[in-house]
Amino acid sequence: MDNRRRQYRVTAEFDRLVQVELLGPKVHATNVRLLDLSAGGAGIVLPSRASGVLRMRDRIELRLISAALTEPVRMFARISHLDEREREPTVGLEFESWREHRALLDSELKTLFNEREAFRVDPTHREPVELRIVGRPKDGLLAATRPVGARLSAPVEAQLRDISVTGLGVKLLGPLTGPWGATDGLRVEARLPGDSQGVTLEVELRYLRPHAEGVTLAGLRLTEDTTPHARRARAAVTRYVMDRQRAILRVGLRDEEPSRSMVRPLLEGAAAR
């Protein structure tokens with residue numbers, strides 16, 4: 001097989017973890033659906049508002065953004081296929097430097113395609129995880145979990161969607177105000193079940209993704225802090241993730257039960273070799 005045609009698997013889990021953006025001469029689409037991906041090119045579906053905007057051989061930038069990545073993966077391409085017969089245009093891309101993109105994808109997306117030890121778990125309804133998301137000292141409290149029967153203490157409600165040893169997925173309810181555009185300088189104060197003291201986690205904001213009216217999904221990546229306090233906080237998160245994983249495996253939950261809390265690897269299956 002030509003090395004440029006190695007296909008990186010695009011699964012439902014990949015879609016959940018990765019936000020795809022396209023920047024072209026007349027369009028900036030933030031909710032792009034990735035159909036296939038290789039070092040040589042990609043197939044994508046654009047939102048309907050992009051119909052009639054792009055042309056064959058236009059030069060575009062494709063960005064892959066994820067909480068599991070240290071920074072967005074940026075790739076430059078030419079449009080090699082354009083089908084606008086449906087409401088949402090289908091576009092084929094030919095990357096400009098497949099050798100460079102092969103190395104980039106293999107290195108930056110390794111955690112998504114090949115790594116098996118980073119599991120995410122969902123919190124249970126019986127033992128929710130309480131969160132407080134705080135900005136820089138002058139920014140104050142940005143979002144917080146609403147305790148049952150209590151008034152919300154922050155401008156936005158925060159609900160934990162999932163957590164792993166590398167970061168958190170959070171649902172934000174309400175209009176976002178404050179320094180949400182910053183990628184660093186945030187911290188999460190979390191109270192995990194079984195941990196009476198709570199932990200403080202230094203995090204980087206990796207993405208904000210509109211999900212529904214008044215709802216935004218946020219990806220927060222734990223920073224590589226090596227202080228004793230940071231190590232203790234990471235150890236507490238690791239214990240919680242492992243305890244949840246063991247509990248789920250004991251009751252025998254499977255992925256075909258999507259309405260139940262579950263544990264899954266970051267990406268099911270490795271890239272085709």
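A cavity is a set of grid points, taken over the protein atoms alone, where a 1.4 Å probe fits but cannot get out. By that definition, the whole structure, which is a predicted model, holds 2 cavities of 30 Å³ or more.

**Figure 1. Overview of the predicted chain.** The chain is built from 4 helices and 16 strands. Of its 273 residues, 45% count as buried. Among contacts with a separation of 6 or more, 60% are between residues 24 or more positions apart. The exposed area of the chain comes to about 14,400 Å², and carbon and sulfur atoms supply 48% of this area. A count of aromatic pairs in the structure gives 0.

**Figure 2. Close-up of the second largest cavity.** The volume of this cavity is about 80 Å³. Its lining consists of Thr-200, Leu-201, Glu-202, Leu-222, Thr-223, Asp-225, His-229, Ala-230, Ala-233 and Arg-234. Two elements, strand 14 and helix 4 (228-251), each give at least two residues to the lining. Helix 4 provides the largest share, 4 residues.

**Figure 3. Close-up of the second largest pocket.** This pocket encloses about 350 Å³ of space. Helix 1 (12-17), strand 2 (18-23), strand 3 (28-38) and strand 14 (199-212) are the elements that contribute two or more residues to its lining. With 5 residues, strand 3 makes the largest contribution. The lining numbers 15 residues in total, and those nearest the centre of the pocket are Asp-15, Val-18, Asn-31, Val-32 and Arg-209. Arg-209 also takes part in a charge-ring arrangement: its charged end sits over the ring of Tyr-207, at 4.5 Å from the ring centre.

**Figure 4. Surroundings of Ala-158 in strand 11.** Strand 11 spans residues 156-163 and includes Ala-158. Ala-158 counts as buried because its relative accessibility is 0%. Residues up to four places away in sequence aside, Ala-158 touches Ile-133, Ala-143, Ala-144, Thr-145, Val-170, Lys-171 and Leu-172. Gly-174 lies 16 residues from Ala-158 in sequence, with a C-alpha to C-alpha distance of 9.2 Å.

**Figure 5. Surroundings of Leu-217 in strand 15.** Leu-217 belongs to strand 15, which covers residues 215-222. At 6% relative accessibility, Leu-217 falls under the 20% cut-off and therefore counts as buried. Beyond its neighbours within four places in sequence, Leu-217 is in contact with Arg-161, Val-170, Lys-171, Tyr-207, Leu-208, Arg-209 and His-211. Val-170 and Lys-171 are thus among the contacts of Leu-217 and also among those of Ala-158. The C-alpha atoms of Leu-217 and Ala-158 are 9.7 Å apart, while the two residues are separated by 59 residues in sequence. Tyr-207 and Arg-209, both in contact with Leu-217, are the residues of the charge-ring arrangement in Figure 3.

**Figure 6. Two loop residues, Arg-57 and Leu-69.** Arg-57 is placed in the loop between strand 4 (41-45) and strand 5 (59-66). Most residues other than glycine have a negative phi. Arg-57 is not a glycine, yet its phi is positive, about 70 degrees. Its relative accessibility is 46%, so Arg-57 counts as partly exposed. Leu-69 lies in the loop between strand 5 and strand 6 (73-83). Leu-69 counts as buried because its relative accessibility is 1%. Along the chain, Leu-69 and Val-18 are 51 residues apart, and their C-alpha atoms are separated by 9.2 Å. Val-18 is also one of the residues nearest the centre of the second largest pocket.

Definitions and conventions. Residues numbered from 1 in each chain as written. Predicted model: local features only at pLDDT ≥ 70, side-chain atom pairs only at ≥ 80, totals over all residues. Heavy atoms only, no water. Buried < 20%, exposed > 50% of the residue type's maximum accessible area, 1.4 Å probe, protein only. Contact = heavy atoms within 4.5 Å. Phe/Tyr/Trp six-rings, centres within 6.5 Å; stacked < 30°, edge-to-face > 60°. Lys NZ or Arg CZ within 6 Å of the ring centre and 35° of its normal. Areas by Shrake-Rupley, 256 points an atom, 1.4 Å probe, with all protein chains shown as cover. 1 Å grid on protein atoms, 1.4 Å probe; cavity = no way out; pocket = protein on both sides within 12 Å on 5 of 7 lines; lining within 4 Å. Points joined across faces, edges and corners; volume = space filled by probe spheres on them.
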